[in-house]
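Student: Could you show me how to read a helix and a pocket in a model like this one?

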Amino acid sequence: MKLADNKATLSFSNGSPSVEMPVYQGTIGPDVIDIRKLYAQTGMFTYDPGFLSTASCQSAITYIDGDKGELLYRGYPIEQLATQCDYLDTCYLLLKGELPNATQRGDFHKLVLDHTMVNEQMQFFLRGFRRDAHPMAVLTGLVGAMSAFYHDSTDINNPQHRDIAAIRLIAKMPTLVAMAYKYGVGQPYMYPRNDLSYSGNFLRMMFGTPCEDYKVNPVLERALDRIFILHADHEQNASTSTVRLCGSSGTNPFAAISAGVACLWGPAHGGANEACLNMLEDIQRQGGVAKVGEFMEKVKDKNSGVKLMGFGHRVYKNYDPRAKLMQETCNEVLKELGLENDPLFKLAKELEKIALEDDYFVSRKLYPNVDFYSGIVQRAMGIPVNLFTGIFALARTVGWIAQLNEMISDPEYKIGRPRQLFTGSVRRDVPPLTAR
C-alpha cells in the first residue's frame, strides 16, 4: 500500500472545519481514501450498505476488473491458469504467492494427496443428520466438526497450525463432500485413493462403489479440475468477507471456514448455479424449448416477478472471463457424454442463444456467467443439483484459507466491528405494566 501524493478533503456545508484524509494506491485498481480517523476527527461514520464502496482490507491475492472482464490470481490471468495449470498448482499459488517449480509441485501434490482421509469417527457424526438433509447443512456441520478431531491445528495465531489446517482442509474437503453425497443416497463411503489426481479421486469417491472398479474419465476429470480453478477465489465476496470477519475474532480455522460454507449456501452467492438449474427444470416442466421465448418475455417484464438466473454478474460489467472457459468445458463434456440432444441441455442452449443475441440482454450485458455453464456441466456429470454449492465450497476453500492467513499476518488487522446508522427509538423509560 503506497501513500499517494494527493489527499482527499472532506468539507461540510454547515460550517464545520474541513478534514484532510490520506489517499493510498494499490498496484492496480482504484485508489482508496483512508477514513480510519474519520470518527475521531468528525464524530461521524460513513454509510455504505453492502460495503459497495468500502475496501475492508488490503490484499495481494486476487484482483478483479469488472469493466474489463479480468480476473487475476496473484497477477496471473485466470485464462492462463485454467489452461496451463491444475487445481493443486493454483492452490499452491494462492497460498504461497508464486507458482511451484517442478520439485515444489511434486512435494505439494503429494502432501495434499497423502492427507485425504478423514477421522473414521466422522462417519458416526454424519449419522446424526437426516438422510434427506441438504448437503450444505451437512457440510457446514462436518467442516466445523473438524476442530473437534484435529486439536493440533486450531490456533489461528500460530503459523504452523495455520499451515497444517490449510493442508487438512484442502485435502479432506473432497472426502467430506463425497461422504455427504453418499450418506444422502444410502451408498457406502468410498475411501480416497492417493494414486489418483485430486479431481479424479473426487469423482471416484462420488460415483464409485465397492462392487466394481471405477475408471476415471479424463474429460470429466479435466472439466472438474477447471471448475475448481475457476471457483478457487474471487476477491472480497460475501463468503470470503465472512471468513475474514469470523477469523478476526481469533476463532480456529475450521470454524472460520465453516462460516464461509454457511454464507456460500445462499442463492445470491454459491447457490446461484443450483438456482439456475432449478430455473431450467421449471421451464422444462412448462413446455421446454417451445416456452423459452415466452419465458424471456416475462423476464423483460419487471412486474412479472420472473428472474433470469445464471446471467449477468454483480462485479463483471462486461463478460465474466470464467464463463468463456466454462462454455468450452461445457461443450466438451456434453460431446463426451453424448448429451448434446438432452432436452434440458437443448433448452439451456436456446436460452444462451437468446441472451447473446437479443438487444434487451446484450445492451444490459446480461451474458451467461460461470454459474450457468458450471451447473450444466455438473448435471451432465451426474452431480445432483443440491450438491452444486458443495462443489463450490470445496473449490473455494483454498481461497478462504489464503485470505484468512493473509489477514492474520497483516499487522494492521483488528477484530471486525462495522458501525451503523441508528434509526430506532430514542431513550425512553419503561412504563408500569398497568400503563402499557
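Tutor: We will take one helix, then one pocket. This is a predicted model, where local features need pLDDT of at least 70, side-chain atom pairs count only at pLDDT 80 or more, and totals for chains, interfaces and linings use all residues. Residues are numbered from 1 along each chain as its sequence is written, and side-chain values use heavy atoms, with hydrogens and water left out.

Student: What span should helix 11 have at 1.5 Å a residue?

Tutor: Helices are DSSP runs (H or I, at least four residues), numbered from the N terminus. The expected span is 1.5 Å times one less than the number of residues. For the 12 residues of helix 11 (residues 253-264) that gives 16 Å, and the end C-alpha atoms lie 17 Å apart, which agrees.

Student: How many residues of helix 11 are buried?

Tutor: Buried means under 20% relative accessible area (1.4 Å probe, protein chains only). Here 9 of the 12 are buried, so helix 11 is largely enclosed by the rest of the structure. Among them are F254, I257, V261 and L264.

Student: Which helices do the buried residues of helix 11 pack against?

Tutor: With contact meaning heavy atoms within 4.5 Å, they pack against helix 6 (135-149), helix 7 (159-185), helix 10 (238-247) and helix 18 (388-409).

Student: Which helix gives the most to the lining of the second largest pocket?

Tutor: Lining residues have an atom within 4 Å of a pocket point. Helix 7 gives the most, with 7 residues.

Technical notes. Helix = DSSP H or I, 4+ residues; strand = E, 2+ residues; numbered from the N terminus. Buried < 20%, exposed > 50% of the residue type's maximum accessible area, 1.4 Å probe, protein only.
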